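Please open the model in your viewer and keep the selection tool at hand. The tour below goes from stop to stop, saying what to select and what is found there.

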Amino acid sequence: MTGIGLRQKAARLRRAYAPHEHRPLGGYLAAMGTYAGVTGAIAGLVKVTGRPVPERPAPADVVLLSIATHKLSRLLSKDAVTSPLRAPFTRYDHPIGSGEVMEQVRDSGSSTRHAIGELLSCPFCLAVWVATGLTGGLVLAPRLTRLVATALTAVAASDFLQMAYATAQQAAEGGHDDD
């Protein structure tokens, strides 16, 4: 099949999939290919270094990496300070509180830019990549990965404590209004 025939089939598939909306299937395919490549590289490094892969991860590691994944995904996808990383692929919309921002994906006609923008601005989407990296790190450099994950987990716990403190403070101030 020629390149032109393949492009025509891909265009027909895009139109059939989402006839009333632009969906960057080519960009998604590139992102999936990149993810597969990164995962393959991690697996290759594990094999080359001879690191043992645990048959079953320790429950404490699962909890630690879960919380660290949550925090790092939010930091990368929503934190105002990390917006320069997303700026080539997103456009600032408005603040959403607690140092986070809402951004819109740039749709400049590039399906790859659009897909990367969606990935970088979505903590749920980014969590897959972060968890894969942390899990690979747990096999390749367990002490360092646990240290980094512990710091991220401490920040996540601190965030919840800050929110609880602010809520308690608002409740206490609200109680004085009746006096």
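In which loop does S98 lie? Select S98 and you will find it in the loop between β1 (90–97) and β2, where helices (H or I, at least four residues) and strands (E, at least two) are DSSP runs, numbered from the N terminus. The phi angle of S98 is near 50°, a positive value in a residue other than glycine. At 65% relative accessibility S98 counts as exposed, given that buried means under 20% relative accessible area, exposed over 50%, and partly exposed in between (1.4 Å probe, protein chains only).

Before moving on, note that this is a predicted model, in which local features need pLDDT of at least 70 and side-chain atom pairs count only at pLDDT 80 or more, while totals for chains, interfaces and linings use all residues. Residues are numbered from 1 along each chain as its sequence is written, and side-chain values use heavy atoms, with hydrogens and water left out.

Next, select residues 25–46, which an unreviewed UniProt entry annotates as "transmembrane region"; UniProt positions are given in the numbering used here, feature names are shortened, and annotations may be inferred rather than shown by experiment. In the model this span is 100% helix and 0% strand, and its end C-alpha atoms lie 31 Å apart.

Now turn to the salt bridges, each of them a side-chain nitrogen of Lys or Arg within 4 Å of a carboxyl oxygen of Asp or Glu. By this rule the count comes to five, and three of them can be visited here, beginning with R23 and E118, whose closest N and O atoms are 3.4 Å apart. R23 lies in the loop between α1 (3–17) and α2 (25–49) and E118 in helix α5 (residues 111–121), so the pair ties together parts that are 95 residues apart in sequence. R23 is partly exposed at 23% relative accessibility, and E118 is also partly exposed, at 21%.

For the next pair, select K71 and D159, which form a salt bridge with their closest N and O atoms 2.2 Å apart. Because K71 lies in helix α3 and D159 in helix α7, this pair ties together parts that are 88 residues apart in sequence. K71 is buried, with a relative accessible area of 9%, whereas D159 is partly exposed at 24%.

The third pair is E103 and R86, whose side chains meet in a salt bridge (2.5 Å, N to O). E103 is in strand β2 (residues 100–105) and R86 in helix α4 (residues 83–86), so that the pair links distant parts of the chain, 17 residues apart. Both E103 and R86 are buried.Go back to helix α3 (residues 59–78) and look along its length. The expected span of a helix is 1.5 Å times one less than its number of residues; the 20 residues of α3 should therefore span 28 Å, and its end C-alpha atoms are indeed 28 Å apart. Among the buried residues of α3 are D61, L64, L65 and A68.

For the last stops, select L144, L147 and V148, which make a nonpolar surface patch of about 290 Å². L144 is found in helix α7 (residues 142–176) and is exposed, with a relative accessible area of 53%.

Finally, select C122 and C125: C122 is buried at 17% relative accessible area, whereas C125 is partly exposed at 34%. With a disulfide taken as a pair of cysteine sulfur atoms within 2.5 Å, the count comes to zero disulfides.

Key: Patch = residues over 30% accessible without salt bridge, like charges linked within 9 Å, V, L, I, M, F, W, Y side chains within 5 Å. Areas by Shrake-Rupley, 256 points an atom, 1.4 Å probe, with all protein chains shown as cover.
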